Structure formats: structure tokens, C-alpha cells
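Work through the exercises below with the sequence and the model open. Try each task before reading its solution.

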Amino acid sequence: SNPGKPLFVAPRGRSWEDFVRESKAHGWPSFRDEETIWDDVRVLPNGEAVSLAGTHLGHNLPDGKGNRYCINLVSVAGKPQQ
């Protein structure tokens, strides 16, 4: 149900190593507000992150650094558009 639009871009505002370290520490790809493409992503009042196409992506789990979106890898994996 993902129309192939990019939903997250990382890293932004941090190094690739920081992105990977945080993702590994939490067990899920972990994106921050500045890495979220808000044209196609919303966060519901219960913290669930969804695409505008209706796909469940993961959850917002805020921490001391701000919002942290733990996203199911299947939701962000795909082939680049040709």
C-alpha cells in the first residue's frame, strides 16, 4: 500500500554512524523529525506513524532528544523509481 514515495531521508542533522548506532540500539530504523517527509507521513494521536496511503509504518517513541520514529524496515525498503 506504499505508492513508492520516499517517506524518510537519513541522515539529516547527524552522521550516518549516529543514525546506524541509534537504529541498532533500538532494534528498528529510528528517524527524527528532520528526516521525516511530512508530505507523506502523519503521526496519529496514539503515536502510530502512518503514510498518507494508509500504511502502518511504526510508532513515535519520544526520548530526551525529541521525537524518535521507530519504523518497520519493510515500510521503508524498496526500489528506487526509474
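**Exercise 1: the sheet**

The sheet of this predicted model is open and has 5 strands in the order E1-E5-E4-E3-E2, with antiparallel pairing. Task: find which strands stand at the edges, and why one side of each is left without a neighbour.

Solution. Step 1: read the two ends of the order E1-E5-E4-E3-E2. Strand E1 covers residues 30-31 and strand E2 covers residues 41-43; these two stand at the edges. Step 2: count partners. E1 and E2 each have a single partner strand, so one side of each has no neighbour in the sheet.

Step 3: place the sheet in the chain. The chain has 2 helices and 5 strands, and from the N terminus the elements follow the pattern α-β-β-β-β-β-α.

**Exercise 2: strand pairs and hairpins**

Task: go through the pairs E2 and E3, E3 and E4, and E4 and E5, and state how many bridges join each.

Solution. Step 1: E2 and E3 are antiparallel and paired over 3 bridges. Within this pair, Val41 lies opposite Ser51 of E3. The two strands form a hairpin with 4 residues between them, and Gly47 in its turn has a positive phi of about 95 degrees.

Step 2: E3, residues 48-51, is paired with E4 through 3 bridges, again in the antiparallel sense. Val50 is opposite His56 of E4, and Glu48 is opposite His59 of E4. This pair too is a hairpin with 4 residues between the strands; Gly54 in the turn has a positive phi of about 100 degrees.

Step 3: E4 (residues 56-60) and E5 (residues 69-71) run antiparallel and are joined by 3 bridges. His59 has Cys70 as its bridge partner in E5.

Step 4: compare with the general rule. Most residues other than glycine have a negative phi, and most peptide bonds are trans.

Step 5: look for a peptide bond that is cis. The bond joining Ala10 and Pro11 is cis, with omega about 0 degrees. Pro11 belongs to the segment before H1.

**Exercise 3: the two faces of E3**

Task: state which residues of E3 point one way and which the other way.

Solution. Step 1: Glu48 and Val50 point one way, while Ala49 and Ser51 point the other way. Step 2: all four residues are buried. Step 3: follow Ala49. Beyond its neighbours within four places in sequence, Ala49 has contacts with residues including Val43, Thr55, Leu57 and Ile71.

**Exercise 4: Leu57 and the core**

Task: decide whether Leu57 is buried or exposed, and find which residues make up the largest nonpolar core.

Solution. Step 1: locate Leu57, which is in strand E4. Step 2: apply the cut-off. Buried means under 20% relative accessible area; Leu57 has 0% relative accessibility and therefore counts as buried. Of the 82 residues of the chain, 35% are buried.

Step 3: list the core. Its 9 residues are Leu7, Phe8, Phe19, Phe31, Val41, Ala49, Leu57, Tyr69 and Ile71. Step 4: check the contacts of Leu57. Leaving aside neighbours within four places in sequence, they include Leu7, Phe8, Val41, Ala49 and Ile71.

Step 5: set sequence against space. Leu57 and Val43 are 14 residues apart in sequence, and their C-alpha atoms are 9.6 Å apart. Among contacts in the chain between residues at least 6 apart in sequence, 47% join residues at least 24 apart.

**Exercise 5: a pocket and Glu22**

Task: describe the lining of the second largest pocket, and decide whether Glu22 is buried or exposed.

Solution. Step 1: the pocket has a volume of about 160 Å³. Step 2: its lining consists of Gly13, Arg14, Asp18, Arg21, Glu22, His26, Arg32, Glu34, Asp63 and Lys65. Step 3: sort by class. The lining has 8 charged residues, 2 polar and no nonpolar.

Step 4: Glu22 is in helix H1, residues 16-26. Its relative accessible area is 9%, so Glu22 is buried. Step 5: apart from neighbours within four places in sequence, Glu22 is in contact with Arg14, Ser30, Arg32, Asp63, Lys65 and Arg68.

Methods
Residues numbered from 1 in each chain as written. Predicted model: local features only at pLDDT ≥ 70, side-chain atom pairs only at ≥ 80, totals over all residues. Heavy atoms only, no water. Core = buried A, V, L, I, M, F, W, Y, C linked by side-chain atoms within 4.5 Å. Buried < 20%, exposed > 50% of the residue type's maximum accessible area, 1.4 Å probe, protein only. Contact = heavy atoms within 4.5 Å. Pairing = 2+ DSSP bridges. 1 Å grid on protein atoms, 1.4 Å probe; cavity = no way out; pocket = protein on both sides within 12 Å on 5 of 7 lines; lining within 4 Å. Points joined across faces, edges and corners; volume = space filled by probe spheres on them. Nonpolar A, V, L, I, M, F, W, Y, C, P; charged D, E, K, R; others polar.
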